[in-house]
Amino acid sequence: AVLCLLLATAVATPAVAQPHGGHGRDGRARVAAERALTLDQAVAQAERRYKARAVRAEEKRRGDRIEYRIRLLGEDGRVFEVRVDAATGREG
């Protein structure tokens with residue numbers, strides 16, 4: 001009887017729709033599909049290109065775009081930041 005009640009409740013409960021625009025499971029999947037690079041890939045790319053070691057990396061949203069900000073420590077001891085567009089992989 002309890003199982004039937006739980007099943008009936010689950011069937012009768014309406015699903016809550018998630019708005020588009022990056023929220024909810026479908027939005028996250030859509031945003032992930034629009035990325036050319038993951039954060040880890042962007043870090044590896046920056047480390048190779050600048051012959052430096054990443055000391056910090058984070059994802060930032062700028063409107064509907066995602067940008068990776070990677071702080072690098074160069075061989076000369078200098079710390080600098082590189083910004084990588086997640087959709088294109090371009091630095092900017």
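**Entry 1: strands 1 and 2**

I began with the pairing of strand 1 and strand 2, which run antiparallel over ten bridges. This is a predicted model, so I read everything below as computed from it. I picked out one bridge by name: arginine 56 is matched with arginine 71 in strand 2. Then I went to the turn. The hairpin of these two strands has two residues between them, and glycine 63 there takes a positive phi near 70°.

**Entry 2: strands 2 and 3**

Next I asked myself in which sense strand 2 and strand 3 pair. The answer is antiparallel, over seven bridges, with strand 3 covering residues 79-85. Here I noted that leucine 73 has valine 79 of strand 3 as its bridge partner. This hairpin has four residues between the strands, and the glycine I looked up in it, glycine 77, has a positive phi near 90°.

**Entry 3: how enclosed is strand 2?**

Having seen strand 2 pair with strand 1 and with strand 3, I checked its burial. Seven of its ten residues are buried, so strand 2 is largely enclosed by the rest of the structure.

**Entry 4: arginine 69**

I stayed in strand 2, residues 65-74, and picked arginine 69. Its side chain makes a polar contact with the side chain of glutamate 67, at 3.0 Å. What does arginine 69 touch once neighbours within four places in sequence are left aside? My list reads Arg56, Ala57, Glu58, Lys60, Arg62, Glu81, Val82 and Arg83.

**Entry 5: valine 55**

For strand 1, residues 52-62, I chose valine 55. Is valine 55 buried or partly exposed? I found a relative accessible area of 45%, so valine 55 counts as partly exposed. Beyond four places in sequence, valine 55 is in contact with Arg71, Leu72 and Leu73. I also took a C-alpha distance to glutamate 81, which lies 26 residues away along the chain: 9.9 Å.

**Entry 6: stepping back**

Last, I looked at the protein as a whole. I counted three helices and three strands, and along the sequence they follow the pattern α-α-α-β-β-β. Of the 92 residues, 24% count as buried. The protein exposes about 7000 Å², and carbon and sulfur atoms supply 53% of that area. For contacts with a separation of 6 or more, I noted that residues 24 or more positions apart account for 32%.

Note on methods
Residues numbered from 1 in each chain as written. Predicted model: local features only at pLDDT ≥ 70, side-chain atom pairs only at ≥ 80, totals over all residues. Heavy atoms only, no water. Buried < 20%, exposed > 50% of the residue type's maximum accessible area, 1.4 Å probe, protein only. Contact = heavy atoms within 4.5 Å. Areas by Shrake-Rupley, 256 points an atom, 1.4 Å probe, with all protein chains shown as cover. Polar contact = N/O pair within 3.5 Å; in protein donor to acceptor, adjacent residues only side chain to side chain. Pairing = 2+ DSSP bridges.
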